Every structure is written in structure tokens, then in C-alpha cells.
Amino acid sequence: MWAAVSTSVLLAPHAVLAETIFGAMAKAYANNPDLNAARAGLRATDEGVPIAKSGYRPQVSASATGTLTRIDAETGRRDTHDGQVGISITQTIFDGFQTLNNVRAAQSDVFSGRETLKANEIQILLSAAQSYANIARDQQIVSIRRQNLAFLREQLNAAQARLDVGEGTRTDVSQAEAELANAQSLLVAAVAQLKQSEAVYVQIVGAAPTGIRQPRPATKGMPRSLDQAVATGLRENPQILAAQYNVDSAGFQVKSAEGTMLPGVVLQGSVTRNTGNSGTGIDDTTASVTARLEVPIYQGGAEYGQIRQAKEVLGQQRILVDSARASVQQTVVSAHAQLESALARITASRSQISAANLALEGVIEERKVGQRTTLDVLDAQQDVLDAQESLAAAQRDAVVASYALLAAMGKLTVAVQGLQVAEYRPEQHYEAVKDKWFGLRTVDGR
């Protein structure tokens, strides 16, 4: 008795090995290499801010020179040496607001990059949910086709038995054999499809699928109506927000380009130490401070072309905002329609399965009394098989469409879905580097 109890205790933990669709999304969020690459790209974009801020800061340089001169004369040889060391500091006082606008453009690029990263995260989570649902569907189809294979083997045995006692025909046996061979082919194809879906799952999630079960359509963050879904998507979809930040960045770049037409003021200071035995042979130190006003008059026309170019880019970015809004609205409406269609197909498929099973049972009974043929039974069984596979496909489509709707709305996120994974905080890296003056190592020590 003790052994039986202990065995059940040992086997119980295996239940936790089953993966949920939320667990798959959490693993993909943490492990997907494409997502990690996108995060690294955003960290590189963050560095654009301190690069732009360098225009506010002084430029310091040091120099050192040394000269050795050998003079051969009739009276003898004489060597002289001279040396010079110095340091200079250059500070831009005014540059036509170019640095100011470059910093603002870089900041807008960071905000756009964050939204682009969020869009990538949403896409990876959607891909993980889709791959999970694909495996659940393919597992059901494999199971359905295995059951169908067992049923057809029984029909072949029954047809052969009736032929042996003189109640059936060779045609019945041949029909059952043909249908059995076709079922074996369909099963092989289903197993191959399942393996392909599992390979995609590993690519996206970063782990082998274990204990996949039929998931339900999404519930967290789902809209009450299509109008609400569209409004939420237009307000929160990261692709639209990224496009809007790109407009801001392009606007600041126009102002920066216009700044090249304005005067500039630069202040420069230097200290130089001269040493040597040539001339008077006295060491001396000189210091100077220079203020320079630069007024651009004509620079070959490049400045005008750059301003016009920046304005065209700004116009392009504004158009891309409209394009993003239209794309998001289309995606939301399409996903909502696919979800409604899939849910209706689920209901219809279940009714079809029930009716097809009743019809199959009736055909089998009628065949026993000679009112039906083996072909009728095989046709009825095919109807059952088609209905079962239609249900599996509809269930998968409902799950994928529900998460696609959330993705289009911008709601397929770690926070909204409550995924058990540490959320990546891009602002932490930005805060760490935005005001750095020097340093070669990245925030993580590389």
C-alpha cells in the first residue's frame, strides 16, 4: 500500500511539465534571438542621445612636438633642441540651435525605437501563440487520423469476414483496402506536419514543446465590440506610435538643417610651453583665448539642398503615419472577422460531428441487414473525419485570430496578459547612458 502511494507522489510533478500557451509566450519573450537582437539595436539607438549632446560639450586636445637640429660647421659640430607641449579647449557657444535640435531628434528616435521594439515583442508573442495553436491542431489531427485508421482496419476485417462466409463481395474488400491505404498516407502527412510545427515552435520559443493542450481563445484585454477594437488599435498600436515619433524626429532634423544658415560662435583657449636651447634658450609659456564668429553666406548650395531634403523626409514620415493607421485598422477588422468566423465554425463543426456520428451508426446498422454497402459506411466515416478535422482547424483559427486581434490593438503585451516573465525595461539603459561624458564599456560591462 505504501509503495502505491509513493508512486503516485513521484508521478504527480510530471503534471507541471505541460506547457500552457502563456508559458510558451513567456519563454519566447525571454529566449527569442530576434527579440534580443532588437533590444540590442534599441540600446545602440540610445547612444545617439549622448552623441548628439557632445555638441554642447568642450573638445579638449593636447599636443607635443620635439625637434633636434645638428649643425656641422668648420668650427665644429653643435646640436640644438626645441620642444613644445600644449593643450587647447574648444567650446561651441552658439551653432544655430543645431545641437539642440539634434538632441531632440535623437530622443525622438529613442522613443520611436521603443515602440518598434514593443511591436517586435508583440509579433514574437503572437508567433509563439500561433505555433502553440498549430501544434495543438496537428496533434488533434494525428489522433483523429489514427482513430480513423483503426476504424478502417475493423471495416477491412469485417469485409473480409463477410466475404469468407459468402455474404460480401471482393469489391467491398477492395474498397476497404483502398480507403485504409489512403488513411495511412494521410496519417503520415499529419505526423510530418506536426514535426514541422514543432520545429517552428522550437525556433520561436527556444524550447521543445511538452504537454501541449488545446488552448482557448484569448480573454484578457479583448474588446467588447469592433468599434472599440479599432479605436484602441489606432490609439495604442506601437507601429502608429513609432511613426508619430518619426515625424517628430524628422521635424527636428529640418530645424537642425536650417540652423546651418545661422551664425555660429566658438570660443577657443590654449596654453603652450616652449623649451629648448636654440635662440635665447629661455623657456616660456604662452596662453591665449580666441572668440570666433562665423556667419555663413554661401556654402556651395549644399545647405539649401539639405534643408529641402529634410522637409521631404518630414512629409514622407507624415504620410507613413496615415499608412500605419490604415494598416492597423485593416488588421483589426480582419482579425475580428476571422475570430467571429472561427467561433461560428466551431459551433457548426460540433453539430456536424454529432450528426455525422449518428449517421455513421445508422449506416453501419443498415449494412448489417443488407440495406447499405461497405462504400456507404466508408463515405459516412469520411464525413465524420472531415467534421472532426474541421473542428480542430476552427479551434486553432479562433485562438490565432483572438491573439492577432490583441496584437493589432497593441494589447498583446507581458503586462496585459500577465505573463510570468521579467519585463524588459528599455528606459533603464537609456537613463544610464543619456548623460555619459566618457567611457568605453557598455552598461553590462562589455
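1. Proline 217 is partly exposed in this predicted model, with a relative accessible area of 29%. Proline 217 sits in the loop that runs between α6 and α7 (226-236). Beyond its neighbours within four places in sequence, proline 217 touches Leu343, Ala398, Val399 and Ser402. Its C-alpha atom lies 7.5 Å from that of valine 400, although 183 residues separate proline 217 and valine 400 along the chain.

2. Which helix pair should be looked at for packing? Helix α8 (residues 238-259) and helix α9 (residues 302-368) have axes that come within 8 Å. These axes cross at roughly 170°; angles over 145 degrees count as roughly antiparallel, and α8 and α9 are therefore roughly antiparallel to each other. In the contact of α8 with α9, the residues divide into 14 nonpolar, seven polar and four charged.

3. Twelve salt bridges are found in the structure. One of them joins the side chains of glutamate 389 and arginine 145, with an N to O distance of 2.7 Å. This pair links distant parts of the chain, 244 residues apart: glutamate 389 belongs to helix α10 (residues 374-409) and arginine 145 to helix α5 (residues 98-164). Are the two partners buried or exposed? Buried means under 20% relative accessible area. Glutamate 389 has 16% and so counts as buried; arginine 145 has 14% and so counts as buried.

4. Helix α10 takes part in another salt bridge, this one with helix α9. The side chains of arginine 345 and aspartate 397 meet at 3.0 Å, N to O. Arginine 345 is in α9 and aspartate 397 in α10, and the pair, 52 residues apart, again links distant parts of the chain. Arginine 345 counts as partly exposed at 34% relative accessibility. Aspartate 397 also counts as partly exposed, at 22%.

5. Salt bridges with shared partners join Arg235, Glu236 and Lys411 into one network. Within this network, the side chains of glutamate 236 and arginine 235 form a salt bridge at 3.4 Å, N to O. Glutamate 236 is partly exposed, with a relative accessible area of 22%. Arginine 235 is partly exposed as well, with a relative accessible area of 49%.

6. Which residues of helix α2 (residues 21-31) are buried? They are Ile21, Gly23, Ala24, Met25, Ala26, Ala28 and Tyr29. The cover over the buried residues of α2 includes α3 (33-46), α5, α6 (170-205), α10 and α11 (414-417). Helices α5 and α10, which contribute to this cover, also hold the two partners of the salt bridge between arginine 145 and glutamate 389.

7. The length of α5 can be checked against its residue count. With 67 residues at 1.5 Å a residue, α5 should span 99 Å. The expected span is 1.5 Å times one less than the number of residues. The end C-alpha atoms of α5 are 96 Å apart, which agrees with that expectation. Just after α5, glycine 166 takes a positive phi of about 85°.

Conventions: Residues are numbered from 1 along each chain as its sequence is written. This is a predicted model: local features need pLDDT of at least 70, side-chain atom pairs count only at pLDDT 80 or more; totals for chains, interfaces and linings use all residues. Side-chain values use heavy atoms; hydrogens and water are left out. Axes are lines fitted to C-alpha atoms, for helices over the stretch in contact, and angles run from 0 to 180 degrees between N-to-C directions. Helices (H or I, at least four residues) and strands (E, at least two) are DSSP runs, numbered from the N terminus. Angles under 35 degrees count as roughly parallel, over 145 as roughly antiparallel, 65 to 115 as roughly perpendicular and the rest as oblique. Ala, Val, Leu, Ile, Met, Phe, Trp, Tyr, Cys and Pro count as nonpolar, Asp, Glu, Lys and Arg as charged, and the others, Gly among them, as polar. A salt bridge is a side-chain nitrogen of Lys or Arg within 4 Å of a carboxyl oxygen of Asp or Glu. Buried means under 20% relative accessible area, exposed over 50%, partly exposed in between (1.4 Å probe, protein chains only). Contact means heavy atoms within 4.5 Å.
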